[in-house]
Amino acid sequence: METWVDQAARLTKPDKVVFCDGSEAENNVILHEMLKHADSFRLNEKTYPNCYLHRSSPSDVARTEHLTFICTPDKDDVGPTNNWMDPGAAKIKVGALLDGAMRGRTMYVVPYIMGPANSPISKVGLEVTDSPYVVANMRIMARIGKVATDRLGNSADFVPGLHSLGDLDPLRRYIVHFPEERLIWSVGSGYGGNALLGKKCFALRIASYMARQQGWMAEHMLILGLESPGGKVTYMAAAFPSACGKTNLAMMVSALESQGYKVWTVGDDIAWMRIASDGYLHAINPEAGFFGVAPGTGMNTNPNVMRALNRNTIFTNVGVTSEDEPWWEGIGGGPPEGLVTWRGEKWDLSKGPAAHPNARYTVPAQQSPCISPNWEAPEGVPISAIIFGGRRGRLAPLVYESFDWQHGVFVGATMASETTAATTGDVGIMRRDPMAMLPFCGYDMADYFRHWLEMGKRIPKPPKIFHVNWFRRGANGKFLWPGYGENVRVLKWILERVEGRGEARETEIGYVPKKSALTLDGLHIAREALNELFRVDADDWEIDLADSREFFAKFGPRLPAELREEHQKLARRLERSIPA
Ligand code: OXD
Ligand code: MN
């Protein structure tokens, strides 16, 4: 570890190197350093104790996928959906930007564990960074300091990551991964997904590469436990693209709580899963905190997270009230008098939203009132259902179940969703995002699909695979389903299917609940809306199939034949159902 840190310091030339032990005293020093910068503030100490506001550079507010690269000797190994750079060329190009980048700054060395400290599934990482904001966030998102160095001992089995803010110029910003060396370099951005290297860079891109080699899975999935009457808890993992409601689903206040159905949170963004000796796929949440999207979060949408956000939380790019309290669109109520925007300007209507649409909170997971008692179980939790989903105004019904694992992999591989503010670029454009891993898979996604198919053969008790869509719209453009806490009704059906009970109707695309099988008491939803929510329109599916055929074609011969086969099978089922 020391050797690697020395090399990083020789390259970046900091004035000072600080090894982080993760202690409270050290955290105070780091927060003090963070507050010296004009972009960070302490919030109201009475109502938001130990909470901070950070404003990032306006051109550094989201993940930058076009500046994110996977560097392998052979270009073909990253596949058609990743950006590729030759490892040698990347070292020269990005190395030049890192050369002397920490001059006049302090280099913080942050050893961390992804996953519970005592879990055999967890892994150690090491991030060096010149940003105290990054250190303060890493402290919430991972287990940092002494626990990590203790776990590592003399071993060299850690994933190093070198991060520097550089000059924050998007033209000199690169997030590069060397999966063969298990190394990450990131320069020019302080944004979470680009700079908190344990999260997307390690726990997804590098880990997905390792997982394929080692026979496990690193996925962009929330993990939740659904408690049913009698107290039994069934665990489910769900993959939705960024900013499509993973955090809200994982932390939902169930609309069926009075009937004994309650949701417990294990994780909200990432799942590491291994086959355990009981034959189930077991999942851990490698993270220790939630880095969630603030806008749209309020007491009516996610009260559990709201109850966690009033202490020990770092807010990024939210607005701030005259009382020094954080504010964003959807928090509840209109903009208060004296509101200041995320850019630090006095708010008025001409300024648009006061919070950036991708404004975030970083909060310790254990502060959430719905955190599962098993969220740090070293062996993870057994997964009974995998749920895929996206934002789809048309097409996909509220929920359907795949016919089997292979068909489920096809369902995941053909997932699509409207783009959101979590990444720079246009919002609301439909794009294919297999398993919600498009921006996060560290190798060729054709090989990733193959890995999924192989895992399915190896899991003695495989989870059933489902697809959900909370975002279907009616002819008037309005959402048909109320979402949020009402989504538990769908989870309940999924649970019943897992237990071999829930009633279903077989359609061309999979099993859809019989209308009577969905618990709808207490919910006012028009019959037409329900019909539309479950309608499988063969014409629409034909159009979608043409699009997914084009997407699959990009992968050439590396695409597993099983997926082409599923594609043809679906095409045949649809053909049969369309009257000539
Ligand atoms: C995230 C993302 O921050 O997916 O989780 O962008
Ligand atoms: Mn995510």
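In this predicted model, the manganese ion (ligand 2) is coordinated at 2.2 Å by three side-chain donors: Lys 200 through NZ, His 220 through NE2 and Asp 269 through OD. Along the chain, these donors follow the spacing K-x19-H-x48-D. His 220 belongs to the loop between strand 12 (217-219) and strand 13 (222-227), while Asp 269 belongs to the loop between strand 15 (262-267) and strand 16 (271-275), so this pair ties together parts that are 49 residues apart in sequence.

The metal donors turn up again around ligand 1, where Lys 200, His 220 and Asp 269 are joined by Arg 63, Lys 199, Ser 242, Phe 291, Arg 360, Ala 422 and Phe 440. By character, this shell comprises 5 charged, 3 nonpolar and 2 polar residues. As for its location, ligand 1 sits in the largest pocket.

Several polar contacts can be followed from the side chains to oxygen atoms of ligand 1. For Ser 242, a polar side-chain atom lies 2.5 Å from such an oxygen, and for Arg 63 the corresponding distance is 2.9 Å. His 220, already met as a manganese donor, places a side-chain N or O atom 3.4 Å from an oxygen atom of ligand 1. Of the 210 Å² of accessible area that ligand 1 has on its own, the protein covers 96%.

Notes:
Residues numbered from 1 in each chain as written. Chains lettered and ligands numbered in written order. Predicted model: local features only at pLDDT ≥ 70, side-chain atom pairs only at ≥ 80, totals over all residues. Heavy atoms only, no water. Near = heavy atom within 4 Å. Polar contact = N/O pair within 3.5 Å; in protein donor to acceptor, adjacent residues only side chain to side chain. Areas by Shrake-Rupley, 256 points an atom, 1.4 Å probe, with all protein chains shown as cover. 1 Å grid on protein atoms, 1.4 Å probe; cavity = no way out; pocket = protein on both sides within 12 Å on 5 of 7 lines; lining within 4 Å. Sits in = over half its atoms within 2 Å of the grid points. Nonpolar A, V, L, I, M, F, W, Y, C, P; charged D, E, K, R; others polar. Donors = N, O, S within 2.8 Å, 3.2 Å for Na, K, Ca; no water. Helix = DSSP H or I, 4+ residues; strand = E, 2+ residues; numbered from the N terminus.
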